[in-house]
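Here is a short report on charged side-chain pairs and on cysteines. Keep the sequence and the 3D view side by side as you read.

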Amino acid sequence: MKSLLLTIAISLCVILAKGQTNIGQTEVTEWQYGKAGAVSITYDDGSRNQFTKALPIMERLKLPATFFVITGGIPGSKYHGKFIGRPVKEIIAETATTPTNDQNFLERCSAAGYLGYKGTITYVTKAAGMYDNPRRKERAFKLMDSLYQKVRHGDFQPGYQPCDEYLQEEGDTWNEFRRYAAEGYEIASHSITHASMPGLDSVNITYELEKSKEEIKNQMGEKYTFSTEVPYGYENERVMKIAYKIYPALRNRMPEPWLTELDRPSKKTPAVNTKDYVQWQRECNTRSPLSLMKSWVDTTVARKDTWLVLVIHGVDGLGYEALSDTLLDNYFQYIKSRNSSLWIATFGDVTKYMREREAAKISNGQKGSKITVTLNHSLDKSMYNIPLTLKTYVPADWKHADIKQGKRIHKTEVIKDDKGSCVQYQAYPNEGELIISGI
């Protein structure tokens with residue numbers, strides 16, 4: 001379905017009379033507004049400087065973005081980090097006689113951050129990363145044994161200390177997030193505590209993801225529960241299977257038959273592609289010079305099938321791989337300068353557009369001299385509700401066209417491409433017939 005050209009030709013007499021053989025032919029453009037490519041700017045962790053330093057730049061340039069925020073530490077949140085399982089004292093006591101192994105690692109790692117001591121979270125993060133790699137599992141087991149031995153010996157101070165990413169959100173509020181959302185920014189989940197999920201058992205993974213989603217629903221509304229990013233960019237299969245059941249869209253992985261994925265660690269660039277789309281994730285960090293980051297944008301414009309997903313963490317000294325606001329300003333201005341060729345949109349909106357386009361069914365017809373188009377899809381209409389850009393070929397002697405769908409009426413100029421005269425317009429799936437009249 002590379003071209004997604006779904007056409008029913010209108011009557012032969014009209015076609016011959018107007019001298020153009022594709023009148024009525026309608027397609028959904030690859031990207032919104034017929035742009036050459038798409039770009040989504042995404043931020044992880046919700047660190048304070050993302051909103052005080054980077055967001056004002058984006059507001060000035062009128063650039064949308066997606067912010068994946070850690071929900072547990074925001075004042076007023078109902079759900080906070082905790083361990084779901086048996087009493088941690090039992091687990092601690094058991095570690096004195098039973099070494100960590102495949103049968104008990106996930107429980108011990110899930111509990112490790114909630115043993116009642118400060119400084120244990122760093123062990124969880126390291127051990128989970130090791131466990132995610134089959135060749136490093138034994139090292140993960142030994143690290144857990146070392147942690148619990150120190151706990152039994154009283155080497156840690158009593159209390160609870162979350163990870164740095166959680167602490168760097170200090171100053172964020174739900175009221176601010178609601179205001180940013182009203183401006184068009186997507187506020188999305190990054191879990192409750194920025195947990196390293198390959199080290200958690202299924203119950204605790206589910207808690208981190210489900211309750212973060214519920215928090216956002218309660219604070220922001222259902223609209224903002226569409227997207228998530230599992231912390232640290234993990235693509236662990238066990239974690240992904242759980243996450244897929246909770247969120248419609250994961251930045252970590254989107255296993256669509258029509259999408260080629262190039263994730264952040266990938267050394268590949270978009271090349272020969274046999275699918276409709278390429279999602280190309282690139283991380284903006286201190287190791288990526290501005291010239292390289294600009295080249296990603298240029299490649300996206302040239303490719304026509306590419307969705308560039310930019311990943312940003314720290315800003316102005318706060319957060320992982322922090323970039324200066326001056327560099328971001330320069331980069332965002334460059335992205336804005338390519339606005340005529342690029343659809344710059346939130347992660348959620350681009351995902352919805354692609355899925356709606358792939359599911360679209362178009363039928364064409366004729367009412368006298370008018371062309372009719374019907375656009376439908378079978379997706380959940382409460383969730384997939386953004387307009388698609390259609391291109392319909394019209395008689396060569398038309399100069400303008402009126403396009404009506406329900407109460408929406410839009411006048412547009414007729415343009416020409418290599419297939420003939422056409423009009424390009426926005427259409428809402430499942431909202432009734434469109435009528436195109438020539439002027």
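Start with Glu-176 and Arg-48 in this predicted model. They form a salt bridge, and their closest N and O atoms are 2.8 Å apart. Glu-176 belongs to helix H8 (residues 174-182) and Arg-48 to helix H2 (residues 48-61), so this pair ties together parts that are 128 residues apart in sequence. Is Arg-48 buried or exposed? Arg-48 is buried, at a relative accessible area of 19%. The cut-off for buried is under 20%.

Now go to Lys-137 and Asp-102. Their side chains meet in a salt bridge, with 3.5 Å from N to O. Lys-137 sits in helix H6 (residues 137-152). Asp-102 sits in the loop between helix H3 (88-94) and helix H4 (105-112). The two parts that this pair ties together are 35 residues apart in sequence. Lys-137 is partly exposed, with 24% relative accessibility. Asp-102 is also partly exposed, with 39%.

A third salt bridge joins Glu-237 and Arg-253, with the closest N and O atoms 2.7 Å apart. This pair links distant parts of the chain, 16 residues apart. Glu-237 is in helix H10 (residues 237-246), while Arg-253 is in the loop between strand S6 (249-250) and strand S7 (259-262). Glu-237 is partly exposed, at 41% relative accessible area. Arg-253 is buried, at 17%.

Here are the three pairs again.

| Salt bridge | N to O distance |
|---|---|
| Glu-176 and Arg-48 | 2.8 Å |
| Lys-137 and Asp-102 | 3.5 Å |
| Glu-237 and Arg-253 | 2.7 Å |

How many salt bridges does the count come to? The count is 28 salt bridges. Some salt bridges share partners. Which residues do they join into one network? The network holds Arg-86, Glu-90, Glu-94, Glu-107, Arg-108 and Asp-145.

Next come the cysteines. A disulfide is a covalent bond between the sulfur atoms of two cysteines. How many disulfides does a search of the whole structure find? The search finds 0. Why does Cys-109 have no bond to Cys-163? Cys-163 holds the cysteine sulfur closest to that of Cys-109, but the distance is 13 Å, too far for a bond. The cut-off for a disulfide is 2.5 Å between the sulfur atoms.

Cys-109 is buried, with a relative accessible area of 1%. Cys-284 is buried too, with a relative accessible area of 2%.

Terms used: Residues numbered from 1 in each chain as written. Predicted model: local features only at pLDDT ≥ 70, side-chain atom pairs only at ≥ 80, totals over all residues. Heavy atoms only, no water. Salt bridge = Lys/Arg side-chain N within 4 Å of Asp/Glu carboxyl O. Helix = DSSP H or I, 4+ residues; strand = E, 2+ residues; numbered from the N terminus. Buried < 20%, exposed > 50% of the residue type's maximum accessible area, 1.4 Å probe, protein only.
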